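Here is a walk through one structure, going from the overall fold to the helices and then to a few single residues. Have the sequence and the model open as you read.

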Amino acid sequence: MSNQIATQDTGAEAALSVAISATEEVKSSAGSSLKSFLSGGIGGVCAVLVGHPFDLIKVRMQTGTASSAAGTSVLGTMRQTIAKEGVRGLYRGVSAPLVASTPIYAISFWGYDIGQRIVRLFKSDPNQHLNLMEISFAGGFSALPTTIVMAPTERIKCLLQVQSHVAGKPQYSGMIDCAMQVYRQGGISSLYKGTMLTLMRDVPGSIAWFGTYEIIKRALVEMQGIEDPSQLSPLAVMTAGGFAGMACWGVSIPPDVLKSRFQTAPEGKYNGVFDVYKTLVRTEGYGALFTGFRPAMIRAFPANAACFLGMEVGRKVFAFLD
């Protein structure tokens with residue numbers, strides 16, 4: 001009898017231990033996801049503040065809204081913008097990405113965290129370092145939830161950046177006015193115009209972004225002879241982040257050109273995504289697919305260096321969530 005009671009007690013203790021362990025794991029997982037979300041938002045704000053002027057130049061070159069007097073150069077377009085609109089003109093349309101940068105980058109880093117967790121479910125040792133293919137999956141996965149916020153934000157941002165002026169007044173008074181006008185003209189589907197092209201840009205771009213960052217970061221960890229990646233110097237983090245940004249935009253420019261054209265075109269100009277591509281290549285040649293490459297590359301390093309530095313600082317600030 002006493003043996004049966006002892007056995008039952010042992011079984012109860014084991015079940016309780018498993019339950020406590022599972023509860024702690026869930027709490028740890030939730031805390032880690034929240035940390036990724038918050039630190040990603042900090043990184044996003046840093047990226048927008050540093051990179052928006054070059055993004056504006058890129059979009060104006062891609063959509064052909066820069067004056068012919070500026071030519072096709074980055075500096076020419078920038079000089080023209082400052083001359084006509086002042087330094088503040090370089091931040092035209094910044095409200096949309098700045099307001100949305102927190103959720104966009106937060107969701108991106110959160111999605112990357114979730115993607116890694118999915119990969120680890122199928123690994124015999126969940127604590128083992130992810131290989132390049134596994135990092136690529138997690139990176140590509142992060143673009144899926146991000147697009148929910150990214151697509152309408154990009155649509156509004158591009159319209160604000162290339163807006164025309166009627167009787168000396170801008171077409172849109174700001175981000176909210178632009179969103180309301182777009183919604184009144186075409187409903188929610190108009191706000192999400194270009195979603196497929198946003199995915200075509202961001203899935204391979206995110207694979208390159210996270211993949212390059214992790215590869216360079218691991219190489220720098222070995223070079224500095226440290227075991228904990230969180231101890232990397234700010235310069236090392238910025239170097240990895242900067243090259244990650246360049247890798248991302250290196251593969252993202254062609255779909256980004258198509259997206260900018262499609263999202264800023266009058267309704268009915270294109271019959272779909274493929275029609276944008278055919279029209280562009282037929283009228284301007286294949287080289288037009290890389291319009292804006294120079295400002296994108298110039299922007300990519302400092303903006304993404306700031307982004308990943310902000311993210312890593314955020315991870316340390318929110319370390320108590322682990």
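Residues 24 or more positions apart account for 77% of the contacts in the protein with a separation of 6 or more, where contact means heavy atoms within 4.5 Å. Keep in mind that this is a predicted model, with local features needing pLDDT of at least 70, side-chain atom pairs counting only at pLDDT 80 or more, and totals for chains, interfaces and linings using all residues. Residues are numbered from 1 along each chain as its sequence is written, and side-chain values use heavy atoms, with hydrogens and water left out.

The secondary structure comes to 9 helices and 2 strands; both kinds of element are DSSP runs numbered from the N terminus, helices being H or I with at least four residues and strands E with at least two. Along the sequence, the pattern reads α-α-α-α-β-β-α-α-α-α-α. Of the 322 residues, 48% count as buried, that is, under 20% relative accessible area with a 1.4 Å probe and protein chains only (exposed is over 50%, partly exposed in between).

**Helices, straight and bent**

Three helices can be set side by side by their end-to-end C-alpha reach. The expected span is 1.5 Å times one less than the number of residues.

| Helix | Number of residues | First to last C-alpha | Expected span |
|---|---|---|---|
| α2 (residues 74–85) | 12 residues | 16 Å | 16 Å |
| α3 (residues 95–121) | 27 residues | 39 Å | 39 Å |
| α4 | 31 residues | 39 Å | 45 Å |

So what does α4 look like along its length? There is a kink of about 55° centred on T146, and the end C-alpha atoms fall short of what a straight helix would reach. The bend at a residue is the angle between axes fitted to the seven residues ending there and the seven starting there. α3 has a kink too, about 50° at S101, shortly before the proline P103, yet its reach is close to the expected value. In α2, the buried residues include V74, G76 and M78, and just after this helix G86 takes a positive phi of about 80°.

**Cores**

A nonpolar core here is a set of buried Ala, Val, Leu, Ile, Met, Phe, Trp, Tyr and Cys residues joined through side-chain atoms within 4.5 Å. The largest one has 25 residues, and Y105, F109, W209, Y213, L232, C307 and F308 touch the most other members. At least two residues each come from α3, α4 (132–162), α6, α7 (234–264) and α9 (293–317), with α3 giving the most, 6 residues. Look at F308 for a good view of this core: not counting residues up to four places away in sequence, F308 touches F109, W209, Y213, V237, G241 and A244. A second, separate core has 16 residues, among them I253, A265, A296 and A300.

**α4 against α7**

Two packed helices are described by the angle between their axes and the distance between the axes. For α4 and α7 the angle is about 75° and the axes are 9 Å apart; axes are lines fitted to C-alpha atoms, for helices over the stretch in contact, and angles run from 0 to 180 degrees between N-to-C directions. The pair is therefore roughly perpendicular, the label for 65 to 115 degrees. On the α4 side, A151, E154, R155, C158, L159 and V162 meet D256, K259, S260, Q263 and T264 in α7. α4 is mostly covered, with 24 of its 31 residues buried.

**Four polar residues inside**

S260, in α7, is buried at 0% relative accessibility. Leaving out residues up to four places away in sequence, S260 touches Q62, T63 and C158. S260 and K157 are 103 residues apart in sequence but 9.9 Å apart in space, C-alpha to C-alpha.

S206 and E214 both belong to α6, S206 within residues 195–224 and E214 likewise in that helix. S206 counts as buried at 10% relative accessibility; outside its neighbours within four places in sequence, S206 is in contact with G139, S142, A143 and G211. E214 is buried as well, at 16%, and beyond four places in sequence E214 touches Y112 and I135.

Last comes S190 in α5 (residues 175–191), buried with a relative accessible area of 5%. Setting aside residues up to four places away in sequence, S190 touches R155, V182 and E267.

Methods
Angles under 35 degrees count as roughly parallel, over 145 as roughly antiparallel, 65 to 115 as roughly perpendicular and the rest as oblique.
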